[in-house]
Amino acid sequence: MLEIHNLTVYYGRHPALQSVSLALRPGEIAAVIGPNGAGKSTLVKAISGAVPVRAGRLTLDGRPLESLSGPERARRIAVVPQGGHLPPAFTVEQTVLLGRTPYLGWLGRAGPGDLEAVETALAETGLTGLRERVVSELSGGEHQRVLLARALAARAPILLLDEPAAHLDLAHQAAIFRQVTRLSSEKDLAVLMVMHDLNQAAAYADRILLLAAGEIRADGTPEEVLTRVNLADAYGVNVQIVPHPLRKIPLVLLE
Amino acid sequence: MLQRHPFLANLAFLIFAVILSIAVGSVFIPPETLARMLAERVLGAGSGADWPASFAAILFDVRIPHTALVLLTGAALGGSGAAYQGLFRNPLADPYLIGVASGAGLGAVLALTGRWPVTWGGYLSVPAAAFLGGLATVLLVYSLSRTGRTLPVTTLILAGVAISAFTSAVTSYLMLRSEDELRRAIAWLLGGSPAAGWPPVFAVAPYLLVGMAGLLSAGHALNVLQFGEEQAGQLGLPVGRAKGLIIVAASLTTAAAVAFSGIIGFIGLVVPHIVRLVWGEDYRRLIPLAMLGGSTALLLSDLAARVVLAPQTLPVGIVTALAGAPFFLWLLRQARRRAYW
Amino acid sequence: MNRKFRTTLVLSVIFLLSACRPAGPAATPEPVGATRAATATEAAPEPVAIVLTDGRGAEITLDAPAGRIVSLAPSNTELLFAVGAGAQVVGRDSFSDYPEAALSATDIGGGFGEIDTETLLSLDPDLVLSADIIAPEQNEALERLGLTVFVLPNPLEFADLYENVLVAGALTGRTAEAKALAADLQSRVAAVMQNVSAAETTPLVFYQLDSTDPNAPWTTGPGTFIDTLIKMAGGENLGAVLMEPWAQISAEDLIASDPDIILMGDAVWSGLTPEDVAARPGWGAITAVVTGRVYAFDDNLVSRPGPRLVDGLEALAQLFHPELFE
């Protein structure tokens with residue numbers, strides 16, 4: 001279980017996150033929503049060690065995160081970064097294999113276990129047939145699947161995704177989110193996913209964290225978080241909440 | 001063969017270049033005599049020397065050590081060029097990007113204009129000063145670019161360019177002030193030290209081998225760094241240490257190469273691109289292939305430089321650019337449909 | 001030495017270093033100022049070993065007079081031929097083009113600063129006659145290959161030149177010829193001095209080394225052999241007021257100084273004519289141009305530190321004081 005207490009992150013003199021606390025259990029999918037600049041990506045970076053933490057305590061199954069080495073942390077926390085740049089000349093397989101970096105030594109020699117993990121990750125994301133293709137020849141949806149496969153190859157119990165569906169069309173967005181939810185339940189993964197679309201967050205997440213100005217404004221089930229008051233407070237726009245016609249989740253409509 | 005066995009193919013090219021480099025020179029030694037001379041020297045077998053005494057000196061004291069030095073230099077330039085392109089994720093990076101060449105130039109010209117003794121403790125002072133100048137400049141650029149714990153590569157490149165401009169200006173000024181040594185300085189900057197025989201090879205080999213071993217080990221780290229430093233860190237790579245090691249190894253290698261061979265353009269820029277175009281972008285393979293390719297390219301260029309206008313020896317940098325640029329353009333056109341950078 | 005070529009070299013290097021300064025033509029003249037150390041300790045009879053100290057201060061021993069010599073500088077080649085050892089010269093650097101017989105010796109390179117060591121070794125020389133312009137590392141590298149290298153220092157005055165003649169004679173077993181040559185050179189210099197002492201005028205002379213940039217031509221400053229020769233020939237070197245031995249002078253200063261004579265040392269390789277000089281903006285008013293005393297001058301006579309320096313001195317004196325040489 002990932003536990004975060006009073007996490008505070010500064011960019012220079014500007015606070016990006018202030019006293020953020022949350023806990024993430026295995027098998028749980030938490031969506032992080034909030035207006036631009038709320039600190040959503042910063043939260044992902046702070047947990048994955050990409051930005052320094054000013055204050056607060058991050059623990060994983062009781063162990064402080066800062067006591068873990070880089071590879072140790074990366075074995076436990078895998079990241080699908082926002083708009084993740086991939087070297088255009090790498091092949092799909094090569095890219096996914098580099099997701100095994102936390103297990104490989106300095107020289108990067110891959111053993112049978114690593115190759116098997118890559119094979120599984122390719123299969124889980126439907127990339128097996130594209131393994132020889134170079135990244136620059138891939139479509140946007142395939143590109144995002146490569147990033148997901150790279151993260152899965154690490155076999156980390158915690159998966160952080162920063163807007164994994166950005167720039168994808170509706171069908172590909174749905175495909176990515178379905179893959180994530182399926183993998184989470186199959187492998188008991190704890191998933192923290194930054195999302196823009198509130199209705200998708202409601203549809204795919206068990207739990208929603210509403211972030212604004214670096215603070216958590218609401219944390220709970222979609223029904224609890226997606227309220228007129230919360231969203232007006234965080235986004236400064238008026239919305240209507242209506243029940244989803246097919247499922248027991250709220251739908252957010254702009255007024 | 002070429003596509004499926006890149007190491008064998010490159011090794012074959014290199015062996016071919018080495019044989020050519022040893023067999024061909026401004027003095028013609030018949031191949032059969034050459035073979036017998038080598039057999040006698042290596043195996044101790046032979047029917048006695050029936051060749052002119054000068055042949056032995058030419059082959060064993062001039063040509064073979066020269067070939068060894070060129071081979072090492074080419075490998076150094078190819079390998080560190082590939083490493084810098086990967087580290088800076090910049091296709092225009094070459095081994096001299098962050099100041100090794102300008103620093104080495106300044107070191108050499110300081111030694112020349114300061115009329116330092118020819119040797120210091122057995123080491124020739126001009127190459128030694130060039131080596132130290134190159135390393136010192138990189139260290140200066142490196143320390144100026146560090147902000148806290150991070151080392152932004154863009155800052156590193158910009159600082160390198162600024163320091164290079166400054167040291168080059170000082171070098172030019174010193175050269176103009178010191179007419180007496182100008183000719184020597186020019187000769188050094190274009191072609192390196194005229195020192196011949198094995199001592200230069202033994203002098204640079206330790207630095208080159210240590211640096212090249214460092215570069216060879218860093219292939220995987222360079223692969224991970226292609227995702228950018230943030231992602232590399234999230235993947236568990238010790239980014240700071242990896243960058244430090246690559247910079248130190250590449251600088252050590254380049255500075256050692258520059259010390260005796262002068263500033264040779266194009267090899268470190270073009271050879272890694274050629275390897276990348278033909279065999280793809282995996283730095284665990286790219287670094288060693290760029291070393292093999294760098295050796296081959298420099299040996300052939302050096303051969304052309306020695307032979308084309310014999311007995312005049314052209315500065316090898318002229319040949320590398322003359323031959324390298326058109327070849328590279330041709331290859332770029334061939335590969336234009338493929339993904340690149 | 002081909003100055004045009006060296007200019008090109010300088011420019012390439014400056015380009016290579018991408019220096020942040022306006023690139024201008026630069027002449028890179030012969031080095032001067034080396035300490036002089038060569039002394040003929042003994043004019044030995046042929047079979048006895050020859051022991052001499054060279055320009056580096058190194059003691060060089062030859063078991064017998066050198067029979068197969070490689071000369072690394074034009075001045076050395078000229079000196080060797082002048083003492084009658086031309087037949088012993090088996091190799092020469094690319095710039096050695098005088099006397100014509102020297103061209104038949106094997107060219108061992110040096111044009112781009114690098115000597116073709118292989119060809120040099122294949123000549124199997126028993127003496128390599130080096131010079132101040134050769135890099136010390138080069139001398140050392142040749143010695144490491146088992147060759148005997150003797151550095152003949154650049155003369156700073158005529159006495160040094162006579163000594164170089166004697167050294168060249170001692171090294172080659174041409175002691176008698178060398179003595180005769182030294183005496184001849186000495187008397188020719190004395191004759192010029194004698195003639196010039198009667199001169200009533202001291203023309204102001206501008207020696208043009210390289211005028212690729214006519215707004216700032218290169219000339220010779222104080223302390224060079226050319227400066228000395230101009231003085232000895234009864235002239236005044238306009239460049240003597242400059243700070244450096246080799247320097248650029250601005251066209252403005254030059255025109256203001258108004259030389260009586262302009263010597264175009266760069267005419268040999270640039271094809272410049274007096275008309276070209278006269279056509280330069282502002283130069284038409286210079287006395288030398290008005291009086292037609294703009295001469296092409298064979299730079300090799302004054303820039304190569306060999307026996308032809310005396311020819312150079314005679315030529316200069318005749319140009320400066322034609323009335324004394326009728």
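## A sheet, some contacts and a few unusual bonds

Let's start in chain C, where five strands form an open sheet in the order β5-β4-β3-β6-β7, with parallel pairing. Please keep in mind that this is a predicted model. From the sheet we move to the way the chains meet, and then to three spots where the backbone deserves a second look.

**The sheet in chain C**

- The edges of the sheet are formed by β5 (106–107) and β7 (149–152) of chain C, each of which pairs on one side only.
- Helix α4 (residues 136–144) of chain C packs on this sheet, where the helix touches β6 (127–131) and β7 of chain C.
- The direction of helix α4 of chain C makes about 155° with that of β7(C).
- Strands β3 (residues 69–71) and β4 (residues 89–92) of chain C run parallel and are joined by three bridges.
- To find your way between these two strands, look for C:I69, which stands opposite C:V89 in β4(C).

**How the chains meet**

- Two pairs of chains are in contact, and chains B and C share the most contacts.
- Chains A and C do not touch, and their nearest C-alpha atoms are 32 Å apart.
- Where chains A and B meet, chain A provides 27 residues and chain B provides 25 residues.
- On the side of chain A that touches chain B, helix α2 (residues 70–76) of chain A gives the most, with four residues.
- That side of chain A is made up of 16 nonpolar, nine polar and two charged residues.

**A cis peptide bond in chain C**

- Which form does the peptide bond from C:Y98 to C:P99 take? This bond is cis, with omega near -10°.
- You can find C:P99 in the loop between β4 and β5 of chain C.

**Two positive phi angles in chain A**

- A:R155 is not a glycine, yet its phi is positive, near 50°.
- A:R155 sits in the loop between α5 (140–153) and β7 (158–162) of chain A.
- Is A:R155 buried, partly exposed or exposed? A:R155 counts as partly exposed because it has 19 C-beta neighbours inside 10 Å, while 20 or more would make a residue buried.
- A:D188 is another residue other than glycine with a positive phi, of about 60°.
- The place to look for A:D188 is the loop between α6 (170–187) and β8 (190–194) of chain A.
- A:D188 has 12 C-beta neighbours inside 10 Å, so it counts as exposed; the cut-off for exposed is 12 or fewer.

Methods:
Residues are numbered from 1 along each chain as its sequence is written. Chains are lettered from A and ligands numbered from 1 in the order in which they are written. This is a predicted model: local features need pLDDT of at least 70, side-chain atom pairs count only at pLDDT 80 or more; totals for chains, interfaces and linings use all residues. Two residues are in contact if their C-beta atoms, placed from the backbone, lie within 7 Å. Ala, Val, Leu, Ile, Met, Phe, Trp, Tyr, Cys and Pro count as nonpolar, Asp, Glu, Lys and Arg as charged, and the others, Gly among them, as polar. Two strands pair if DSSP finds at least two bridges between them. Axes are lines fitted to C-alpha atoms, for helices over the stretch in contact, and angles run from 0 to 180 degrees between N-to-C directions.
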